[in-house]
Amino acid sequence: MEVLLHENADGASVVAGKIVARLVRQKPNAVLGLATGSTPLGLYRELIRLHQDEGLDFSQVTTFNLDEYIGVDGNHPCSYRRFMMENLFSGLNIPESQIHIPDGLASDIPAHCEAYEEAIQVAGGIDLQVLGIGSDGHLGFNEPTSSLASRTRIKTLTKETREDNARFFERPEDVPHHCITMGMGTILDSRVCLMLAFGENKASAVAQAVEGPVSAMIPASALQLHPHVHVLLDEGAARKLTRKDYYEHVYDNKPAWQQY
Ligand code: PGA
């Protein structure tokens, strides 16, 4: 696991943009796994800048989003489909047929989840998965005690996650109880994981995910089992790490070919 410490979210987002851009330049038909929430917004702004100012071409890229609320129409202001359209896809040149987001209104949810997994396979698997982390340690909507081998399925949100996400809804009671999320097994199958975390309210979850034991109680800790993970943090999110000196030492002594 590579832990990269930055002063602020903007600096981390620029480096995250470089990691994604390098992949898209090397493999123009890359398959990206994408996340919603406040955390990836800086990265998405950076990708739009790279596309518009530097001509980074996304026309052959395929995307799969991590999750979606159940019972929320894709045009609803709080749907993750709408979020992605407004915050990323409207600024890039990815054909809509190459964009995949779970359908929160699917009539047969298990069949939809199975088809989502199949579509990922048909696309060749996810090359790079962008991840945030919940204050309860979730990845996607894989809440604590999620099977670390789980696949795309329905999940029930924790009270903590519903409270964290209430800021996006008109009334707290409007936050759905259910979602469709890629599973931990789905995420761990990605070739590269890029986890971003900003702000002090993530510090405890980050410390447990990076330095704690692997446990379904902190699903993000399963990233310790993945061979290629970048973790990009701002000062607040890094506050509770005990090995910060080492991560800084690693960064300062990277061989040239590993630098960003
Ligand atoms: P946030 O959510 O980016 O809005 O903090 C992250 C998550 O819950 O995974």
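Begin by selecting helix 1, residues 9-26, together with helix 2, residues 41-54: in this predicted model, the two helices pack at an angle of about 50°, and their axes lie 8 Å apart. That angle makes helix 1 oblique to helix 2, and the crossing of the two is right-handed.

Next, show the side chains where these helices meet. On helix 1, select S13, V14, A16, G17, V20, A21 and R25, which meet G42, L43, E46, L47, L50 and E54 on helix 2. If you colour this contact of helix 1 with helix 2 by residue class, you will find seven nonpolar, three polar and three charged residues.

Now leave the helices and turn to a sheet. Select strands 4, 8 and 7, which form an open sheet of three strands in the order 4-8-7, with antiparallel pairing. Strand 4, residues 67-69, and strand 7, residues 153-156, stand at the edges, and each has a single partner strand, so one side of each is left without a neighbour in the sheet. As you rotate the view, look at how the strands are set against one another: neighbouring strands of this sheet are turned by 30° on average, direction ignored.

To finish, keep strand 7 selected and add strand 8, residues 178-181, since this is a pairing to follow residue by residue. Strand 7 and strand 8 pair in the antiparallel sense over four bridges. Which residue in strand 8 is the bridge partner of T156? Select H178, for H178 is the partner of T156 in that strand.

Note on methods:
Residues are numbered from 1 along each chain as its sequence is written. This is a predicted model: local features need pLDDT of at least 70, side-chain atom pairs count only at pLDDT 80 or more; totals for chains, interfaces and linings use all residues. Side-chain values use heavy atoms; hydrogens and water are left out. Axes are lines fitted to C-alpha atoms, for helices over the stretch in contact, and angles run from 0 to 180 degrees between N-to-C directions. Angles under 35 degrees count as roughly parallel, over 145 as roughly antiparallel, 65 to 115 as roughly perpendicular and the rest as oblique. A crossing is left-handed if the near helix is turned anticlockwise from the far one by less than a right angle, and right-handed if clockwise. Contact means heavy atoms within 4.5 Å. Ala, Val, Leu, Ile, Met, Phe, Trp, Tyr, Cys and Pro count as nonpolar, Asp, Glu, Lys and Arg as charged, and the others, Gly among them, as polar. Two strands pair if DSSP finds at least two bridges between them.
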